[in-house]
Amino acid sequence: MKRNERGAYMVMMALLIVVLIGIAALAIDVGRLLVMRTEMQNAVDAAALAAAAELDTNADARTRARTAARTLLSHQARFSREQELLDNTALPDGAFEFFCLIGSASDPDGSEQAVRERFCDTSAPTTGDGKLVAVSDAVSHYVRVTLDPALLADDTDYFTADLIFLPVLTVLGIEVDTSVSAVVTALAGRNYFTCTFPPM
């Protein structure tokens, strides 16, 4: 009787060990993904701010904004396949979207038509989330930068990390992904404030 119970405990312990190893593997791999995503988010936030600083309504403002963001995004990462995780060659023009109005508290007040005529082209298309797309450098007040492996033509090593421990579960016949990717985005704008205080 005792011998049978010992055998049952051994089976339960073996199953419990497998479960614990799987949980530990998941925690380590998820932690690596979160660190990679945090590094990417910090970098894309800074890149969006750098791009927004170039939106001065002058000619080629959007070109300068893209250049500023790409220059800033050279970034070493420890967790992705590609060590230059945010290298500027991995940031195509499709990663940038420019808007004239986004519906934020810092957008100008007034009737919708008057605001559109003053700050946007009247033919500016609206995105699904209510933002008005900038159709020229002169009305580009906001920029959204997106880092997404789907935007890349060939290289899938950017923004992607290989899982180290979870693929071990395939030995047990459990289907798991061997790599994960992150997608991050940041939106920034440039505001112009007028001083209403009289000169001293």
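Asp60 sits in the loop that links helices H1 and H2. In this predicted model, the residue has a positive phi of about 55°, even though it is not a glycine. That goes against the usual trend: most residues other than glycine have a negative phi. As for its surroundings, Asp60 counts as partly exposed, because its relative accessibility is 38%.

Phe159 shows a similar backbone feature, with a phi near 60°, again a positive value in a residue other than glycine. This residue is also in a loop, here the one between S3 and strand S4, which covers residues 160-162. Its relative accessible area is just 1%, so Phe159 is buried.

Stepping back, the protein has three helices and six strands. Read from the N terminus, the elements run α-α-β-α-β-β-β-β-β. Of its 200 residues, 34% count as buried. About 12200 Å² of the protein is exposed, and carbon and sulfur atoms supply 59% of that area. Contacts that reach across the sequence are well represented too: among those with a separation of 6 or more, 69% join residues 24 or more positions apart.

Four of the strands make up an open sheet in the order S2-S1-S3-S6, and their pairing is antiparallel. At the edges lie S2, with residues 132-133, and S6, with residues 184-189, each of which pairs on one side only. In general, the strands of a sheet pair through backbone hydrogen bonds, and they can do so in a parallel or an antiparallel way. Here, S1 (residues 96-101) and S2 run antiparallel to each other and are paired over two bridges. Within this pairing, Phe99 stands opposite Val133 of S2.

A little further along, Val135 is found in the loop between S2 and S3. Its C-alpha lies 8.1 Å from that of Phe99, although 36 residues separate the two in sequence. With a relative accessible area of 36%, Val135 falls above the 20% limit for buried residues and below the 50% limit for exposed ones, so it is partly exposed.

Turning to the interior, the largest nonpolar core contains 39 residues, and those with the most contacts inside it are Met40, Leu86, Phe96, Val143, Leu147 and Phe159. Two or more residues come from each of H1 (2-53), H2 (61-72), S1, S3 (142-147) and S6. H1 is the biggest contributor, giving eight residues to this core. Phe159, the loop residue with the positive phi, thus turns up again here, and its 1% relative accessible area fits the buried label.

Leu147 gives a good look at how this part of the protein is put together. Leaving aside residues up to four places away in sequence, Leu147 touches Met40, Val44, Leu73, Leu86, Leu91, Phe159, Ala182, Val183 and Val184. Three of the names in that list, Met40, Leu86 and Phe159, are also among the residues with the most contacts inside the core.

Nonpolar side chains are found on the outside as well. Met13, Leu16, Ile17, Val19, Leu20, Ile21 and Ile23 make a nonpolar surface patch of about 650 Å². One of these residues, Ile17, belongs to helix H1, the element that gives the most to the largest core. Ile17 itself counts as partly exposed, because its relative accessibility is 44%.

Technical notes:
Residues numbered from 1 in each chain as written. Predicted model: local features only at pLDDT ≥ 70, side-chain atom pairs only at ≥ 80, totals over all residues. Heavy atoms only, no water. Pairing = 2+ DSSP bridges. Core = buried A, V, L, I, M, F, W, Y, C linked by side-chain atoms within 4.5 Å. Buried < 20%, exposed > 50% of the residue type's maximum accessible area, 1.4 Å probe, protein only. Contact = heavy atoms within 4.5 Å. Patch = residues over 30% accessible without salt bridge, like charges linked within 9 Å, V, L, I, M, F, W, Y side chains within 5 Å. Areas by Shrake-Rupley, 256 points an atom, 1.4 Å probe, with all protein chains shown as cover. Salt bridge = Lys/Arg side-chain N within 4 Å of Asp/Glu carboxyl O.
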